[in-house]
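I opened a new notebook page for this model. The plan is to go through the strand pairing, then the helices, then the surface.

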Amino acid sequence: MESLFVSEITVLGVGNTILSDEGFGVRVVEYLQKNYTFPQNVQLVDGGTLGVELMHFIVGTQKLLIIDSINGGVEAGRIFHLRDDEIFRHFTQKISAHEVGIQDVLTMLEITGKKIPRVELIGAQPYSLEAGTELTPQMKKLLPVFATKALEILQSWNVKLV
């Protein structure tokens, strides 16, 4: 499967934006798009709740940063940062449909010999998964925190903001 856009680096926000904090990853990507300009080798993708369709956006990328709300069964607001194999372990305890899609995509890439060399995931334990299109006030406060964390990861990957 060929990708629609081949970028060296992909920042992928995932989540269901009609379940309040579940849409956190998408909201962080929107925040990044609104407040920063990225070089051409970086693509920001609103992955929403896409499943295997995500393949179109990430096949060929060399570094993937996934941003998501993560239900780790801990106190709300807890921040997670997972790398490579830690991500697979997390997804074996998946909690939502979009996580099934990400796990499937990463597995498909690996078994077809197109594994992404570097994958990191940052996320926070949600405060609420109730119906609603807005993040909770507590989760909204985490938007700039996660934008900064995403930028730090990108800079560690030698991305220079334009």
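Which residue in strand 3 does Ile9 stand opposite? I looked it up: the residue facing Ile9 is Lys63. I note here that the model is predicted.

**Entry 1, overall content.** I listed the secondary structure and got five helices and five strands. Read from the N terminus, the order of elements is β-α-β-α-β-β-α-α-β-α.

**Entry 2, the sheet.** I then checked how the strands are arranged. They form an open sheet of five strands in the order 2-1-3-5-4, and the pairing is mixed. Strand 2 (42-48) and strand 4 (79-83) are the edge strands, each pairing on one side only. From one strand to the next, I find a twist that averages 15 degrees.

**Entry 3, pairing of strand 3.** I followed strand 3 to both of its neighbours. With strand 1 it pairs in the parallel sense, over five bridges. With strand 5 (residues 118-124), strand 3 (residues 63-69) also pairs in the parallel sense, here over seven bridges. For single positions in strand 5, I noted that Leu64 stands opposite Val119 and that Leu65 has Glu120 as its bridge partner. As a reminder to myself, strands of a sheet pair through backbone hydrogen bonds, either parallel or antiparallel.

I also asked how many residues of strand 3 are buried. The count is six of its seven residues, so I entered the strand as mostly covered, with buried meaning under 20% relative accessible area.

**Entry 4, helices on the sheet.** I looked at helix 1 (residues 24-35) and found it packed on the sheet, where it touches strand 1 (9-14), strand 2, strand 3 and strand 5. Its direction makes about 130 degrees with that of strand 1. Helix 5 (residues 137-156) lies across strand 1, strand 3, strand 4 and strand 5. I read about 165 degrees for helix 5 relative to strand 5.

**Entry 5, burial and contacts.** Of the 162 residues in the protein, 49% are buried. I took the contacts with a separation of 6 or more and found that 80% of them join residues 24 or more positions apart.

**Entry 6, surface.** I computed an accessible surface of about 7,900 Å² for the protein, with 52% belonging to carbon and sulfur atoms. Val52, Met108 and Ile111 make a nonpolar surface patch of about 270 Å². I placed Met108 in helix 4 (residues 97-111). Why does Met108 count as partly exposed? Because its relative accessibility is 31%, which falls between the 20% limit for buried and the 50% limit for exposed.

Methods:
Residues are numbered from 1 along each chain as its sequence is written. This is a predicted model: local features need pLDDT of at least 70, side-chain atom pairs count only at pLDDT 80 or more; totals for chains, interfaces and linings use all residues. Side-chain values use heavy atoms; hydrogens and water are left out. Two strands pair if DSSP finds at least two bridges between them. Axes are lines fitted to C-alpha atoms, for helices over the stretch in contact, and angles run from 0 to 180 degrees between N-to-C directions. Contact means heavy atoms within 4.5 Å. Buried means under 20% relative accessible area, exposed over 50%, partly exposed in between (1.4 Å probe, protein chains only). Accessible areas come from the Shrake-Rupley method with a 1.4 Å probe; for residues, only the protein chains shown count as cover. Patches are made of residues with over 30% relative accessible area and no salt bridge: like charges are joined within 9 Å, nonpolar side chains (Val, Leu, Ile, Met, Phe, Trp, Tyr) within 5 Å. A salt bridge is a side-chain nitrogen of Lys or Arg within 4 Å of a carboxyl oxygen of Asp or Glu.
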